[in-house]
Amino acid sequence: MSRNTSSSGGSGALSHAYIHYPPLRCKNNGSTGLFYDDGNKLLISPTSNQVVSWKTSPYTPQVASTTDTISEGPVLSIRYSLDLKLIAVQRSNNEVQFWVKETGETFSQKSKSESDTILGFFWTDCAVCDIVFVKTSGLDLYSYVPELKSLELVDSKKVNVSWYIYTHESRLVLLASGMQCKSFMGYQLSSAGIIRLPRFEMAMAKSDVNSKPVLSAEDVHIVTVYGRIYCLQVDRVAMLLHSYRFYRDAVIQQGSLPVYSTKIAVSVVDNVLLIHQVDAKVIILYDIFADSRTPVSAPLPLLIRGLPRGSNISSSQSANDTSANLYSDDWNFLVPDLVCDVSTGFLWKIHLDLEAISASSSEVPLVLEFLQRRKLEAKKAKDLCLELLRSIMIERRPLPVIFRAVNVLVTSFAYSLKTGSYSKSTPVNSSSGVPENNSGNKPGDTSGGGFSTSDSEDNINLKKENGENLMVSEDQQESQSQLVTSATIPPDELYTFVFASVEEEMIAFADASYLFSILLEFIRSANLEKIKVHPNIYVLAVRLLGRNERYAELGQFVLNKIIEPSKEVALELLEGVGSRNIQTRKLGVDMLRQLSLHHDYVVLLVQDGCYLEALRYARKHKVSTVRPSLFLEAAYASNEPQHLAAVLRFFGEFIPGFGTTSEHTTYIRALADMPSSITV
Amino acid sequence: MGLSSAAITTPSEALKFCIFDLRRGQHEGEELEKILFFFPADLPFPTQLSVIGLSEGLITFTRIFSPEAACEVIEAELHSHVFFEAEPDIWMVMVVAKNKETEAIWRIEALRSVLKEIHSLFIMFHGSIRVLLDKEPGGGLTRSHLFTFIMDYLNDFLMGNKFVLPNFRDSLKQRGTVQMLTVGREAAIEVQSLVGALDSCMGNTSGYSVILFQDLLVSTTLTPDDTTNLFSYATSRLTPRVLSSGRSSTWSYLRKGNAELASRSASIGSGLDGFRIVRPLQHGKWSKGKDGFLVTDIWGVEVGNLVPTTPTLWLQQTEHKMYLCAYQHKSLTIILLIPVTSMLNGEEGISMLKQQLLENASAKIVKVEEKLAKGWGGENAYHVKGYRYLLVDGDRNISRASPPGKVTTLTKESLLAINKVREDVDLEKSRGNGNNDDKDLEICIRAKNNAWVIARSTRGKELYIVLEKANETLLYASEAIEKFSDRYCNGAFSLD
């Protein structure tokens with residue numbers, strides 16, 4: 001992706017997140033507002049009698065809108081049912097109207113009393129109901145009865161509600177109540193059932209004793225990262241962002257992040273938390289995988305990429321408009337990673353700039369961990385990981401750093417094998433010991449954000465439905481990365497793209513032992529994770545030890561099987577290092593025998609002039625693939641008529657019909673010509 | 001070390017041992033000059049000279065036929081003379097009395113290996129004899145060095161007041177080889193990871209590390225020759241077994257021996273008072289410090305602060321002078337060798353290195369020790385039921401044998417038979433010396449007591465086995481070897 005750094009794209013080109021020009025234009029004449037239906041990921045723009053909607057997932061700026069007709073009237077909010085068959089429009093504080101798209105029929109649902117205000121509603125894929133009304137008196141759970149064209153009340157939860165927030169992604173509705181609106185009730189309405197969260201209070205600092213700040217809905221955000229659900233709450237007085245994590249049976253405060261703006265917006269891109277400091281127009285990134293509250297990087301502005309250059313006046317005009325509008329008051333942040341400018345109708349999708357993020361930190365192992373967790377741009381993350389490891393090796397960073405980096409990659413690969421997310425994407429040959437993917441859908445996984453219990457905190461499920469949906473969209477944009485859905489790196493690629501390529505550049509004496517130490521750490525790490533190491537890596541290890549003439553150590557490594565036996569290694573021992581060191585060559589010979597590579601072993605024995613031993617071995621292991629002429633030539637060359645006679649006799653018995661071959665006659669004659677010949 | 005053998009005759013009669021230099025004392029009246037070492041030292045000079053004169057004569061005579069390799073052994077009626085040309089024209093000769101009544105039945109190669117060991121250890125600590133002589137033509141210092149060194153060495157063979165040299169009872173042992181600990185792949189990887197950590201502790205100094213568990217070698221980055229020397233030093237002076245025994249049983253007689261030696265060396269080294277004789281083989285001088293590092297005052301003590309000077313030694317191949325730094329954790333002994341030239345600030349650098357090791361490697365050391373201790377099968381770990389064996393890998397200078405406790409259960413007949421077989425193999429090997437060392441060899445004999453005594457040699461590896469409670473047939477015996485070879489030697493001795 002070429003970086004188009006137009007000067008209007010913020011302060012310099014440095015940024016870790018960007019939006020890409022052109023946006024999805026959702027402008028519609030006569031629009032009465034823009035609504036985001038996060039259940040269907042639709043951006044909806046109703047006019048007096050029409051509903052125009054744009055699909056935002058997969059996100060493409062060119063997406064065509066669809067139009068549905070509804071009757072005239074005010075629109076407080078609007079959402080399609082999850083099967084897209086119904087449109088629900090809130091008409092007033094106590095009425096929601098429904099259209100059946102197929103037939104055009106309508107019906108309404110009103111609240112019983114005037115005082116019972118409907119705050120909002122959402123469709124759900126919960127087992128017991130289809131739509132939930134949030135009212136000041138609590139929740140009403142309805143199921144839709146198609147035959148009657150009406151809603152049927154299934155359940156209601158009585159609780160005072162000041163305001164609420166809901167995200168379809170988390171299936172979680174949080175109900176605020178109390179004077180300060182800081183007392184919360186929560187329900188998760190997932191396909192697995194309805195879970196009621198224990199009531200909890202959010203922390204609010206006071207500026208002085210008598211003031212009682214009131215928490216507003218825009219200061220509370222539900223975020224879903226790595227399949228866990230968090231709630232982020234802005235404390236405007238303390239200038240802190242408190243985080244809470246939701247478990248099935250508990251809500252636990254996780255600590256706080258500093259904020260530098262009174263207005264905070266939150267996006268989640270590829271499980272990375274983006275805290276928009278709206279006043280300062282900068283973003284701070286957090287990767288809260290390991291509950292670390294250290295930012296991934298320094299605060300940096302959002303960048304617009306792909307802005308057309310100045311030649312076209314009208315478009316550059318609009319470009320200037322857009323850049324000027326960064327973090328304007330008209331910006332609405334939509335869950336999880338969209339921004340909608342309601343004044344222009346531009347919908348932007350926020351992307352992470354993995355390259356910039358990885359370039360901005362010198363802590364390579366941490367960067368690698370970060371990159372390994374990225375799924376959206378897995379191919380790029382993977383390439384970056386390979387390049388990072390390669391470059392720190394070429395820079396000859398201290399070994400402990402490299403070791404940690406190697407460990408990160410190996411552990412990550414092992415984890416992906418265990419969870420089966422690796423074999424899903426890439427065809428793997430059976431020799432690398434990759435188990436088949438058998439963990440398709442676990443129960444509770446389908447909810448797209450089920451709680452884990454507090455005692456199983458570390459049991460994180462990285463496989464998320466939503467994540468996969470997003471991945472599809474990315475893959476369609478980058479066709480070359482269709483196969484890569486994970487940034488993890490199998491050992492053979494680590495060999496090809498890192499070790500082998502680094503070896504070419506590291507030719508000094510000290511380099512070989514440096515590289516060897518890294519290989520050893522890699523082997524150690526792979527062994528701990530029970531990952532099979534590609535024979536090429538062992539071959540390289542042998543070569544490096546040979547280069548530094550560490551033959552005795554090489555012997556130890558082979559005997560201890562740290563360097564696992566394989567034909568490739570045996571050949572390197574024999575022909576590579578073995579050509580300079582006889583002991584090493586012997587190791588290669590022994591390895592061939594241990595591997596039961598009978599043919600190669602016999603040929604080798606003959607080459608070494610041990611043709612009689614070779615014959616004995618051939619007889620014991622029934623090796624009939626070696627040509628008799630090899631043995632005969634060797635015996636003839638040794639100038640020992642007895643041996644030649646023995647070899648001839650052996651083949652006469654070993655190979656039926658050998659006596660009639662031309663070879664037999666040739667060597668019988670040769671035998672007769674030899675001094676002090678004996679007859680067979 | 002032959003400690004199981006019974007006594008022989010008094011030292012002076014049973015053993016004479018001399019080192020002489022053919023380039024010295026070639027004029028009449030200067031004969032004494034050529035003597036560099038003589039044991040027993042209290043033998044009158046004429047007697048000493050007659051032993052040396054005989055040896056010299058034999059050497060000169062045999063050189064006529066074999067200029068490259070003169071005589072190795074002379075078997076007289078009452079004595080065996082074992083020769084070893086340690087350095088060009090510097091000869092070590094051991095004269096041992098034959099006595100069929102007692103246990104004085106030797107294998108010559110075993111005695112020669114004692115001579116070789118003395119010389120290579122001496123070189124490791126003091127450098128070559130020739131270099132010493134060239135530095136100081138008078139030879140007094142060289143004599144003092146040799147005397148104290150060899151007397152300290154011979155102390156190991158002292159039983160009461162008699163020397164017990166390796167005899168036929170030690171036939172299933174191979175001096176001058178290293179015994180390895182067999183470890184699984186995972187432990188081996190951990191060990192190598194520790195080696196890497198040690199390497200980085202030593203920084204860019206291109207030092208070496210050797211790791212032992214109990215008395216067995218776990219890992220080495222030294223060349224095989226240096227490994228062998230350091231291994232024999234470590235297993236006789238540094239390992240936990242030695243350190244713990246040094247404080248108890250052997251202490252009393254050693255002190256006596258040392259006192260005796262001290263007086264002798266004083267008389268020989270007279271007039272050289274200015275020189276300090278370092279005695280690396282002195283017993284009971286090593287101990288484990290509080291920080292886990294082994295300390296000794298053998299190399300002296302720094303004036304003023306009582307900090308012992310760090311030991312130094314020479315590498316055989318590269319002739320680099322190295323600091324020796326040993327660390328011990330439970331059964332694990334770690335030896336680091338650091339080039340003296342790379343330690344510009346000497347002792348200070350060493351103590352920094354020690355600090356580095358404690359900080360960066362001790363977690364790994366603990367882990368490796370635990371892992372090895374868990375997998376360690378005890379002193380009889382390498383016992384194979386029904387077999388008494390010795391396996392020698394000449395290429396890598398490694399041997400493994402039945403545990404000594406198990407070898408002692410063999411009858412004297414069996415031991416004499418294996419001693420004889422080994423002598424034959426030695427002979428065969430020395431004949432084939434040079435032209436075809438890969439020659440396969442197989443000897444299988446039935447001893448008087450119906451034990452099978454078997455030797456196999458192939459591609460630089462040797463296997464000796466005694467089967468006492470075996471079936472009568474040769475087939476049975478060779479199957480037993482086959483099984484052993486497949487099970488314990490990766491099939492190296494399975495000829496067909």
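Q: Which residue is the bridge partner of Thr224(A) in S20(A)?
A: That's Ile229(A). A label such as S20(A) marks a DSSP run, numbered from the N terminus (strands are E, at least two residues; helices are H or I, at least four). Keep in mind that this is a predicted model, in which local features need pLDDT of at least 70, side-chain atom pairs count only at pLDDT 80 or more, and totals for chains, interfaces and linings use all residues. Residues are numbered from 1 along each chain as its sequence is written, while chains are lettered from A and ligands numbered from 1 in the order in which they are written.

Q: How do you know that S19(A) and S20(A) pair?
A: Count the bridges. Pairing takes at least two DSSP bridges between two strands, and S19(A) and S20(A) (residues 228–235) have 6, in the antiparallel sense.

Q: What makes S19(A) and S22(A) edge strands?
A: Each of them pairs on one side only. The open antiparallel sheet has the order S19-S20-S21-S22 in chain A, with S19(A) covering 220–225 and S22(A) covering 251–258. From one strand to the next, the twist averages 25 degrees.

Q: Where are the edges in the sheet S3-S4-S5-S6 of chain A?
A: At S3 (35–37) and S6 (66–69) of chain A. This open sheet has 4 strands and antiparallel pairing too. S5(A) (residues 50–55) is joined to S6(A) by 4 bridges, and one partnership is Val52(A) with Thr67(A).

Q: Why are H14(A) and H16(A) called roughly parallel?
A: Their packing angle is about 15 degrees, with the axes 11 Å apart. Angles under 35 degrees count as roughly parallel (over 145 is roughly antiparallel, 65 to 115 roughly perpendicular, the rest oblique), so H14(A) and H16(A) are roughly parallel to each other.

Q: What makes the contact between H14(A) and H16(A), residue by residue?
A: H14(A) brings Tyr611(A), Leu612(A), Leu615(A) and Arg619(A), and H16(A) brings His643(A), Val647(A), Phe650(A) and Phe654(A). The rule for contact is that C-beta atoms, placed from the backbone, lie within 7 Å. Sorted by class, you get 6 nonpolar, 1 polar and 1 charged residues. Here Ala, Val, Leu, Ile, Met, Phe, Trp, Tyr, Cys and Pro count as nonpolar, Asp, Glu, Lys and Arg as charged, and the others, Gly among them, as polar.

Q: How do you know that S9(B) is largely enclosed by the rest of the structure?
A: Check its residues: 5 of the 5 are buried, so S9(B) is largely enclosed. Buried means 20 or more other C-beta atoms within 10 Å of the residue's own (12 or fewer is exposed, in between is partly exposed; C-beta atoms are placed from the backbone).

Q: What do S8(B) and S9(B) form together?
A: A hairpin, with 2 residues between the strands. Gln214(B) in the turn has a positive phi of about 55 degrees. S8(B) (residues 208–213) and S9(B) pair antiparallel over 4 bridges, and Ile211(B) stands opposite Ser219(B).

Q: Which residues of H13(A) are buried?
A: Asp600(A), Tyr601(A), Val602(A), Leu605(A) and Val606(A). They pack against H12 (582–594), H14 and H15 (628–637) of chain A. After H13(A) comes Gly609(A), with a positive phi near 85 degrees.

Methods: Axes are lines fitted to C-alpha atoms, for helices over the stretch in contact, and angles run from 0 to 180 degrees between N-to-C directions. Two residues are in contact if their C-beta atoms, placed from the backbone, lie within 7 Å.
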